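Thanks for coming. I will go through one structure today, starting from a single residue and working outwards.

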Amino acid sequence: MKRLRMVVEWSKGSPLRYAFKGGRLVPVGEDAPAPVNYGLIPGLLNPADGEEVDACYLGPPLPPGTEVEGFLVGMVALSDGDHKLVLSPGLKPLDQEALAPLLAWFAPERNPTLLGPEEAWTWLRGLSEG
C-alpha cells in the first residue's frame, strides 16, 4: 500500500498555527488546539480552494515543520470540497469514535463526514487526472 508524505503545520494538542509557505513555516496565530497533527501534502493542489491538499496525521504530537509519511486510511469529506486526507503510521481501520473530536473540529455547516481509504484514493486520483 502506498504511503503519502505530508508537512505538519499544526501539532496535535497545540493552539499555535503555522502555514508552510515558500518552503518555510510562517506563524499564523492561535486557535482551538488541534485534535490531530494537521498540515498539507506538498505540491498537490485542491481545486476547491486552490491551496495544497490538507492532511491529518494520527498518532502522537509532531513538531511543526516535520515531514512524515503515512498510509492513507481515510478522508474527512466537507460540503465545500476542501476535503482532508487522514494518514496513519499503520494500516488499522479508522475508529469512528476515536475520530469524533476531529469531525467536531470542523464547523457543522461544512457537514464533516468520515470516508474510508477507497473513497480517499478515488478522490486523489480525480485530482491528478484533472
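Before the first residue, a term: strands here are DSSP runs of E with at least two residues, numbered from the N terminus. One caution as well: this is a predicted model.

I start with Asp 54, which is in strand β5, residues 51-57. Is Asp 54 buried or exposed? Its relative accessibility is 11%, and buried means under 20%, so Asp 54 counts as buried.

What does Asp 54 touch, leaving out residues up to four places away in sequence? The list is Tyr 38, Gly 39, Leu 40, Asp 82, His 83, Lys 84 and Leu 85. Two of these names, Lys 84 and Tyr 38, give us the next two topics.

Take Lys 84 first. Its side chain meets that of Asp 54 in a salt bridge, at 2.6 Å from N to O. This pair links distant parts of the chain, with Asp 54 in strand β5 and Lys 84 in strand β7, 30 residues apart. In general, side chains of opposite charge can pair when their charged atoms come close. Lys 84 has a relative accessibility of 2%, so it is buried too.

Lys 84 also forms a salt bridge with Asp 82, where the closest N and O atoms are 2.9 Å apart. Asp 82 is buried, at 11% relative accessibility. Sharing of partners joins Asp 54, Asp 80, Asp 82, Lys 84 and Arg 110 into one salt-bridge network.

For the other names in that network, Asp 80 forms a salt bridge with Arg 110, again with 2.9 Å between the closest N and O atoms. Here Asp 80 is in the loop between β6 and β7, and Arg 110 is in the loop between α1 and β8, 30 residues apart. Asp 80 is partly exposed, at 40% relative accessibility. The count for the structure comes to eight salt bridges.

Now back to Tyr 38. The side chains of Asp 54 and Tyr 38 make a polar contact at 3.3 Å. Tyr 38 is buried, with a relative accessible area of 10%.

How many aromatic pairs does the structure hold? There are four. One of them is Tyr 38 with Trp 105, edge-to-face, with 5.3 Å centre to centre and 80° between the planes. Tyr 38 lies in strand β4 and Trp 105 in helix α1, so the pair ties together parts that are 67 residues apart in sequence. Trp 105 is partly exposed, at 22% relative accessibility.

Trp 105 also pairs edge-to-face with Phe 106, at 5.6 Å between centres and 65° between planes. Phe 106 is buried, at 8%. With Trp 10 added, Tyr 38, Trp 105 and Phe 106 form one aromatic cluster.

Last, the nonpolar part. The largest nonpolar core has 19 residues, and those with the most contacts inside it include Leu 4, Ile 41, Leu 85 and Leu 124. Which element gives the most to this core? It is α2, with five residues. Leu 4 is in contact with Ile 41, Leu 72, Leu 85, Leu 87, Trp 121 and Leu 124, among others.

Apart from that core lies another, of 16 residues, among them Phe 71, Val 73, Val 86 and Leu 99. Phe 71 has a further neighbour: the charged end of Arg 3 sits over its ring, 5.0 Å from the centre.

Terms used
Residues numbered from 1 in each chain as written. Predicted model: local features only at pLDDT ≥ 70, side-chain atom pairs only at ≥ 80, totals over all residues. Heavy atoms only, no water. Helix = DSSP H or I, 4+ residues; strand = E, 2+ residues; numbered from the N terminus. Buried < 20%, exposed > 50% of the residue type's maximum accessible area, 1.4 Å probe, protein only. Polar contact = N/O pair within 3.5 Å; in protein donor to acceptor, adjacent residues only side chain to side chain. Contact = heavy atoms within 4.5 Å. Phe/Tyr/Trp six-rings, centres within 6.5 Å; stacked < 30°, edge-to-face > 60°. Lys NZ or Arg CZ within 6 Å of the ring centre and 35° of its normal. Core = buried A, V, L, I, M, F, W, Y, C linked by side-chain atoms within 4.5 Å. Salt bridge = Lys/Arg side-chain N within 4 Å of Asp/Glu carboxyl O.
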